[in-house]
Amino acid sequence: MVADLKSLQQEGFTFQREKWYLVCLGLKGDMPFLRTAGGFNRHWQRAVRTADPSANPFGVCWKCLAGTRPGGPFEDFNTDALWAKTSTVNPWVTEPSPLQLFHCIDRPHDYFKADVWHNYHGGAGRTFIASVLVECLSLFTGSKEDKISQLNSFLHKWAKRRDCSLPHSGSFTSERVGLTSFQVLPEGGWSKFADTHVYHKFLEWFLTKKEAEIQTNEILCMSLEAIRVINTVFSTLYCGGLWLEPNEAFLAGTGGRKWLELYARLAHTCFVQRRLRFPVYVKFHMLDHQFRSLISGSSKPWTLNILCESVQADEDSCSEMFRRFF
(Lines give C-alpha, C1' and ligand atoms only; values in the text may rest on other atoms or scores of the structure.)
Protein backbone atom coordinates (compact mmCIF):
# COMPACT_ATOMS: atom_id res chain seq x y z
CA MET A 1 0.00 0.00 0.00
CA VAL A 2 2.78 2.42 0.93
CA ALA A 3 4.70 1.64 -2.25
CA ASP A 4 1.63 2.37 -4.39
CA LEU A 5 0.92 5.64 -2.56
CA LYS A 6 4.56 6.66 -2.83
CA SER A 7 4.44 6.09 -6.59
CA LEU A 8 1.29 8.21 -6.94
CA GLN A 9 2.94 10.93 -4.86
CA GLN A 10 6.31 11.04 -6.65
CA GLU A 11 5.63 9.75 -10.17
CA GLY A 12 1.95 10.52 -10.54
CA PHE A 13 -0.22 9.31 -13.40
CA THR A 14 -1.63 10.72 -16.65
CA PHE A 15 -5.34 11.30 -17.06
CA GLN A 16 -6.79 12.95 -20.18
CA ARG A 17 -3.30 14.16 -21.17
CA GLU A 18 -2.79 15.84 -17.77
CA LYS A 19 -0.29 14.79 -15.12
CA TRP A 20 -1.80 14.16 -11.69
CA TYR A 21 -0.11 13.58 -8.34
CA LEU A 22 -1.89 12.22 -5.27
CA VAL A 23 -0.58 13.01 -1.80
CA CYS A 24 -1.76 10.98 1.20
CA LEU A 25 -2.08 13.45 4.11
CA GLY A 26 -2.54 10.90 6.87
CA LEU A 27 -3.55 7.42 7.87
CA LYS A 28 -6.85 6.91 9.65
CA GLY A 29 -8.66 3.92 11.08
CA ASP A 30 -9.74 2.37 14.34
CA MET A 31 -7.23 1.99 17.16
CA PRO A 32 -6.23 -1.65 16.45
CA PHE A 33 -5.43 -0.73 12.83
CA LEU A 34 -3.40 2.34 13.79
CA ARG A 35 -1.49 0.41 16.45
CA THR A 36 -0.44 -2.16 13.84
CA ALA A 37 0.25 0.30 11.02
CA GLY A 38 2.34 2.54 13.28
CA GLY A 39 4.05 -0.19 15.28
CA PHE A 40 3.19 1.76 18.43
CA ASN A 41 4.67 0.82 21.78
CA ARG A 42 2.21 3.25 23.43
CA HIS A 43 -1.39 2.22 22.85
CA TRP A 44 -4.69 1.54 24.60
CA GLN A 45 -3.79 -2.01 25.59
CA ARG A 46 -0.96 -0.64 27.74
CA ALA A 47 -3.29 1.03 30.26
CA VAL A 48 -2.11 0.26 33.82
CA ARG A 49 -4.73 -0.49 36.46
CA THR A 50 -2.59 -0.05 39.54
CA ALA A 51 -1.48 2.79 41.79
CA ASP A 52 1.95 1.21 42.35
CA PRO A 53 4.38 4.19 42.47
CA SER A 54 7.24 1.96 41.31
CA ALA A 55 5.46 1.06 38.07
CA ASN A 56 6.91 2.46 34.86
CA PRO A 57 4.12 1.98 32.30
CA PHE A 58 4.63 2.30 28.55
CA GLY A 59 1.75 4.78 28.08
CA VAL A 60 -1.52 4.61 26.18
CA CYS A 61 -1.28 7.32 23.51
CA TRP A 62 0.87 7.63 20.41
CA LYS A 63 0.38 11.42 20.43
CA CYS A 64 1.60 12.15 23.97
CA LEU A 65 2.98 10.57 27.16
CA ALA A 66 -0.38 10.13 28.89
CA GLY A 67 -0.35 7.05 31.08
CA THR A 68 3.42 7.21 31.68
CA ARG A 69 5.18 8.41 34.80
CA PRO A 70 6.23 11.79 33.27
CA GLY A 71 2.89 12.24 31.48
CA GLY A 72 0.60 11.45 34.37
CA PRO A 73 -2.84 9.78 34.24
CA PHE A 74 -4.57 9.58 30.88
CA GLU A 75 -7.85 10.06 32.78
CA ASP A 76 -6.87 13.67 33.59
CA PHE A 77 -9.07 15.94 31.44
CA ASN A 78 -8.04 19.20 33.09
CA THR A 79 -6.73 21.96 30.82
CA ASP A 80 -3.34 21.83 32.57
CA ALA A 81 -3.10 18.01 32.58
CA LEU A 82 0.51 16.88 32.94
CA TRP A 83 0.49 15.04 29.60
CA ALA A 84 -0.63 18.23 27.84
CA LYS A 85 2.45 20.09 29.14
CA THR A 86 5.05 17.32 28.68
CA SER A 87 7.06 17.01 25.46
CA THR A 88 6.38 13.73 23.72
CA VAL A 89 8.72 11.23 22.06
CA ASN A 90 8.09 8.95 19.10
CA PRO A 91 5.82 6.00 19.98
CA TRP A 92 7.81 3.41 18.01
CA VAL A 93 11.22 1.75 18.02
CA THR A 94 11.40 1.39 14.23
CA GLU A 95 10.00 4.14 12.02
CA PRO A 96 6.79 2.79 10.42
CA SER A 97 6.63 2.44 6.65
CA PRO A 98 3.78 5.00 6.14
CA LEU A 99 6.27 7.73 7.09
CA GLN A 100 7.96 7.18 3.74
CA LEU A 101 5.07 9.34 2.53
CA PHE A 102 4.65 13.09 2.90
CA HIS A 103 4.38 14.06 6.59
CA CYS A 104 5.29 16.74 9.11
CA ILE A 105 8.87 15.96 10.18
CA ASP A 106 8.45 17.80 13.50
CA ARG A 107 5.35 15.78 14.48
CA PRO A 108 5.48 12.45 12.63
CA HIS A 109 3.03 10.82 15.05
CA ASP A 110 0.31 13.21 13.81
CA TYR A 111 0.31 11.32 10.52
CA PHE A 112 -1.81 8.70 12.31
CA LYS A 113 -5.29 10.16 12.79
CA ALA A 114 -7.63 9.50 15.70
CA ASP A 115 -11.17 8.63 14.56
CA VAL A 116 -13.90 10.59 16.35
CA TRP A 117 -16.63 8.27 14.96
CA HIS A 118 -15.10 5.13 16.46
CA ASN A 119 -13.92 6.90 19.61
CA TYR A 120 -17.26 8.50 20.41
CA HIS A 121 -20.20 6.79 18.67
CA GLY A 122 -18.57 3.37 18.91
CA GLY A 123 -16.79 3.98 22.20
CA ALA A 124 -17.15 6.75 24.77
CA GLY A 125 -20.66 7.76 23.70
CA ARG A 126 -21.95 4.21 23.74
CA THR A 127 -20.46 3.71 27.22
CA PHE A 128 -21.95 7.00 28.43
CA ILE A 129 -25.46 6.33 27.11
CA ALA A 130 -25.56 2.79 28.52
CA SER A 131 -25.01 4.14 32.05
CA VAL A 132 -27.54 6.95 31.55
CA LEU A 133 -30.19 4.52 30.31
CA VAL A 134 -29.77 2.40 33.43
CA GLU A 135 -29.85 5.47 35.69
CA CYS A 136 -33.13 6.53 34.05
CA LEU A 137 -34.76 3.34 35.31
CA SER A 138 -34.75 4.86 38.81
CA LEU A 139 -37.60 7.11 37.62
CA PHE A 140 -39.95 4.13 37.38
CA THR A 141 -41.42 1.71 39.89
CA GLY A 142 -41.71 -2.06 39.84
CA SER A 143 -39.31 -4.87 39.04
CA LYS A 144 -36.28 -4.47 36.78
CA GLU A 145 -38.22 -5.78 33.80
CA ASP A 146 -41.19 -3.50 34.61
CA LYS A 147 -38.89 -0.46 34.64
CA ILE A 148 -37.27 -1.47 31.35
CA SER A 149 -40.68 -1.95 29.77
CA GLN A 150 -41.80 1.52 30.88
CA LEU A 151 -38.67 3.19 29.49
CA ASN A 152 -39.10 1.23 26.26
CA SER A 153 -42.66 2.60 25.98
CA PHE A 154 -41.26 6.13 26.09
CA LEU A 155 -38.73 5.17 23.40
CA HIS A 156 -41.52 3.92 21.10
CA LYS A 157 -43.58 7.04 21.79
CA TRP A 158 -40.62 9.27 20.91
CA ALA A 159 -39.86 7.24 17.76
CA LYS A 160 -43.28 8.17 16.33
CA ARG A 161 -42.33 11.83 16.31
CA ARG A 162 -41.27 13.60 13.14
CA ASP A 163 -37.61 12.96 12.17
CA CYS A 164 -37.31 10.28 14.88
CA SER A 165 -37.06 6.51 14.62
CA LEU A 166 -36.32 3.47 16.72
CA PRO A 167 -32.68 2.38 16.99
CA HIS A 168 -31.62 -0.17 14.38
CA SER A 169 -31.18 -2.63 17.27
CA GLY A 170 -34.90 -2.28 18.05
CA SER A 171 -36.65 -2.00 21.39
CA PHE A 172 -34.82 -1.24 24.62
CA THR A 173 -34.22 -4.44 26.59
CA SER A 174 -31.96 -5.54 29.43
CA GLU A 175 -29.74 -7.29 26.86
CA ARG A 176 -29.19 -3.98 25.07
CA VAL A 177 -27.00 -2.77 27.96
CA GLY A 178 -26.07 -6.12 29.53
CA LEU A 179 -28.20 -5.40 32.59
CA THR A 180 -28.35 -8.77 34.32
CA SER A 181 -28.78 -6.85 37.60
CA PHE A 182 -28.47 -3.28 38.88
CA GLN A 183 -25.06 -4.18 40.34
CA VAL A 184 -23.32 -4.76 36.98
CA LEU A 185 -21.50 -2.29 34.73
CA PRO A 186 -23.78 -1.35 31.80
CA GLU A 187 -22.27 -1.60 28.32
CA GLY A 188 -23.98 -0.61 25.07
CA GLY A 189 -24.57 -3.76 23.07
CA TRP A 190 -25.63 -2.30 19.73
CA SER A 191 -23.39 -3.01 16.73
CA LYS A 192 -24.47 -0.06 14.58
CA PHE A 193 -22.82 3.05 15.96
CA ALA A 194 -25.64 5.22 14.57
CA ASP A 195 -27.82 3.84 17.38
CA THR A 196 -25.66 5.84 19.79
CA HIS A 197 -26.86 9.00 18.05
CA VAL A 198 -30.50 7.83 18.22
CA TYR A 199 -30.28 7.17 21.97
CA HIS A 200 -28.68 10.61 22.49
CA LYS A 201 -31.64 12.30 20.81
CA PHE A 202 -34.16 10.18 22.70
CA LEU A 203 -32.59 10.76 26.11
CA GLU A 204 -32.40 14.53 25.65
CA TRP A 205 -36.14 14.49 24.92
CA PHE A 206 -36.98 12.08 27.75
CA LEU A 207 -34.91 13.78 30.48
CA THR A 208 -36.16 17.20 29.40
CA LYS A 209 -39.72 15.95 29.96
CA LYS A 210 -38.62 14.70 33.40
CA GLU A 211 -36.50 17.77 34.22
CA ALA A 212 -38.63 18.90 37.18
CA GLU A 213 -38.66 15.36 38.56
CA ILE A 214 -34.89 14.87 38.43
CA GLN A 215 -33.86 18.09 40.19
CA THR A 216 -32.80 16.17 43.31
CA ASN A 217 -31.02 13.47 41.28
CA GLU A 218 -27.42 14.68 40.87
CA ILE A 219 -26.47 12.00 38.36
CA LEU A 220 -29.44 12.48 36.04
CA CYS A 221 -29.09 16.29 36.16
CA MET A 222 -25.44 16.03 35.12
CA SER A 223 -26.37 13.43 32.51
CA LEU A 224 -28.94 15.73 30.91
CA GLU A 225 -26.46 18.61 30.84
CA ALA A 226 -23.82 16.33 29.28
CA ILE A 227 -26.26 15.04 26.63
CA ARG A 228 -27.28 18.56 25.66
CA VAL A 229 -23.65 19.65 25.41
CA ILE A 230 -22.46 16.73 23.28
CA ASN A 231 -25.52 16.90 21.00
CA THR A 232 -24.64 20.54 20.32
CA VAL A 233 -21.02 19.55 19.62
CA PHE A 234 -21.92 17.02 16.95
CA SER A 235 -24.68 19.18 15.48
CA THR A 236 -22.04 21.89 15.01
CA LEU A 237 -19.59 19.48 13.39
CA TYR A 238 -22.12 17.83 11.06
CA CYS A 239 -23.67 21.15 10.01
CA GLY A 240 -20.24 22.65 9.41
CA GLY A 241 -18.17 22.14 6.29
CA LEU A 242 -14.79 20.56 5.74
CA TRP A 243 -13.36 23.78 7.17
CA LEU A 244 -14.90 25.28 10.30
CA GLU A 245 -15.10 28.99 11.03
CA PRO A 246 -13.50 30.14 14.33
CA ASN A 247 -16.81 30.31 16.23
CA GLU A 248 -17.78 26.80 15.06
CA ALA A 249 -14.43 25.30 16.02
CA PHE A 250 -14.47 27.02 19.40
CA LEU A 251 -18.06 25.95 20.16
CA ALA A 252 -17.38 22.31 19.25
CA GLY A 253 -14.01 22.20 21.02
CA THR A 254 -15.11 23.82 24.29
CA GLY A 255 -18.33 21.80 24.24
CA GLY A 256 -16.39 18.57 23.85
CA ARG A 257 -14.08 19.50 26.71
CA LYS A 258 -17.15 20.40 28.82
CA TRP A 259 -18.61 16.96 28.11
CA LEU A 260 -15.38 15.30 29.28
CA GLU A 261 -15.49 17.38 32.46
CA LEU A 262 -19.09 16.36 33.16
CA TYR A 263 -18.32 12.71 32.43
CA ALA A 264 -15.37 12.79 34.84
CA ARG A 265 -17.68 14.21 37.53
CA LEU A 266 -20.23 11.46 36.83
CA ALA A 267 -17.50 8.80 37.05
CA HIS A 268 -16.17 10.24 40.32
CA THR A 269 -19.65 10.54 41.86
CA CYS A 270 -20.43 6.90 41.10
CA PHE A 271 -16.98 5.80 42.28
CA VAL A 272 -17.55 7.51 45.65
CA GLN A 273 -20.98 5.87 45.89
CA ARG A 274 -19.42 2.50 44.93
CA ARG A 275 -21.70 2.15 41.92
CA LEU A 276 -20.58 0.52 38.65
CA ARG A 277 -21.36 3.32 36.23
CA PHE A 278 -19.51 5.62 33.81
CA PRO A 279 -16.14 3.85 33.38
CA VAL A 280 -13.22 5.75 31.80
CA TYR A 281 -11.35 4.23 28.87
CA VAL A 282 -8.46 5.36 26.66
CA LYS A 283 -10.91 6.46 23.93
CA PHE A 284 -11.94 9.36 26.19
CA HIS A 285 -8.34 10.58 26.16
CA MET A 286 -8.17 10.41 22.36
CA LEU A 287 -11.31 12.57 22.18
CA ASP A 288 -9.60 15.11 24.44
CA HIS A 289 -6.83 15.48 21.85
CA GLN A 290 -9.37 16.15 19.12
CA PHE A 291 -11.41 18.65 21.12
CA ARG A 292 -8.23 20.51 22.11
CA SER A 293 -7.21 20.66 18.45
CA LEU A 294 -10.50 22.42 17.63
CA ILE A 295 -9.96 24.99 20.37
CA SER A 296 -6.41 25.59 19.21
CA GLY A 297 -7.55 25.92 15.61
CA SER A 298 -10.26 28.44 16.51
CA SER A 299 -7.57 31.14 16.72
CA LYS A 300 -7.08 30.79 12.95
CA PRO A 301 -9.44 31.82 10.13
CA TRP A 302 -10.27 28.18 9.31
CA THR A 303 -9.98 24.87 11.17
CA LEU A 304 -10.16 21.42 9.60
CA ASN A 305 -13.30 19.59 10.75
CA ILE A 306 -12.29 16.53 12.80
CA LEU A 307 -15.02 14.54 11.01
CA CYS A 308 -12.80 14.42 7.93
CA GLU A 309 -10.43 12.19 9.89
CA SER A 310 -13.16 9.75 10.89
CA VAL A 311 -13.97 6.42 9.25
CA GLN A 312 -17.73 6.65 9.06
CA ALA A 313 -19.04 4.22 6.49
CA ASP A 314 -22.70 4.17 5.48
CA GLU A 315 -23.61 1.14 7.56
CA ASP A 316 -26.76 0.37 5.55
CA SER A 317 -24.90 0.52 2.22
CA CYS A 318 -22.12 -1.66 3.63
CA SER A 319 -24.66 -4.22 4.82
CA GLU A 320 -26.31 -4.28 1.39
CA MET A 321 -22.93 -4.67 -0.32
CA PHE A 322 -22.02 -7.66 1.85
CA ARG A 323 -25.39 -9.27 1.18
CA ARG A 324 -24.85 -8.94 -2.57
CA PHE A 325 -21.25 -10.05 -2.81
CA PHE A 326 -20.93 -12.53 0.04
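## Asn231 and its contacts

Contact here means heavy atoms within 4.5 Å. With that in hand, a good place to start in this predicted model is Asn231, a residue of helix H7. Setting aside neighbours within four places in sequence, Asn231 is in contact with His200, Lys201 and Glu204. Its relative accessibility is 16%, and since buried means under 20%, Asn231 counts as buried.

## Two nonpolar cores

Helix H7 turns up again in the largest nonpolar core. This core has 60 residues, and the members that touch the most others are Phe128, Phe206, Leu207 and Trp259. Two or more residues each come from helices H4 (116–136), H5 (144–159), H6 (194–209), H7 (218–239), H8 (246–272) and H9 (282–297). The largest share belongs to H7, which gives 11 residues. As a general point, nonpolar side chains in soluble globular proteins tend to be buried together.

If you would like one residue to click on, try Trp259. Leaving out neighbours within four places in sequence, Trp259 is in contact with Tyr120, Ala124, Phe128, Ala226, Val229, Ile230, Phe284 and Leu287. There is also a second, separate core of 23 residues, with Met31, Cys61, Ala66 and Phe74 among them.

## Helix H4

Helix H4 deserves a look of its own. Of its 21 residues, 20 are buried, so H4 is largely enclosed by the rest of the structure. The helix is not straight throughout: at Gly125, H4 bends by about 45 degrees.

At the N-terminal end of H4 you will find a cap provided by Asp115. A side-chain oxygen of Asp115 lies 2.9 Å from the backbone nitrogen of Trp117.

## The largest pocket

Next comes the largest pocket, which holds about 1100 Å³ of space. Its lining is made up of 35 residues, and those closest to the centre of the pocket are Lys63, Asp110, Lys113, Ser293 and Glu309.

Strand E3 (27–28), helix H3 (82–85), helix H9 and strand E6 (303–304) each give two or more residues to this lining. The largest share, seven residues, comes from H9, a helix that also gives two or more residues to the largest nonpolar core.

## Phe15, in strand E1

Finally, take a look at Phe15, which sits in strand E1 (residues 13–15). With a relative accessible area of 44%, Phe15 is partly exposed. Phe15 and Tyr263 are 248 residues apart along the chain, and their C-alpha atoms are separated by 51 Å.

Technical notes
Residues are numbered from 1 along each chain as its sequence is written. This is a predicted model: local features need pLDDT of at least 70, side-chain atom pairs count only at pLDDT 80 or more; totals for chains, interfaces and linings use all residues. Side-chain values use heavy atoms; hydrogens and water are left out. A nonpolar core is a set of buried Ala, Val, Leu, Ile, Met, Phe, Trp, Tyr and Cys residues joined through side-chain atoms within 4.5 Å. Buried means under 20% relative accessible area, exposed over 50%, partly exposed in between (1.4 Å probe, protein chains only). Helices (H or I, at least four residues) and strands (E, at least two) are DSSP runs, numbered from the N terminus. The bend at a residue is the angle between axes fitted to the seven residues ending there and the seven starting there. A polar contact is a pair of N or O atoms within 3.5 Å; within protein, one must be able to donate a hydrogen and the other to accept it, and residues adjacent in sequence count only if both atoms are side-chain atoms. On a 1 Å grid over the protein atoms alone, a cavity is a set of points where a 1.4 Å probe fits but cannot get out, and a pocket is an open set with protein on both sides within 12 Å along at least five of seven lines; lining residues have an atom within 4 Å of a point. Grid points are joined across faces, edges and corners, and a volume is the space filled by probe spheres set on the points.
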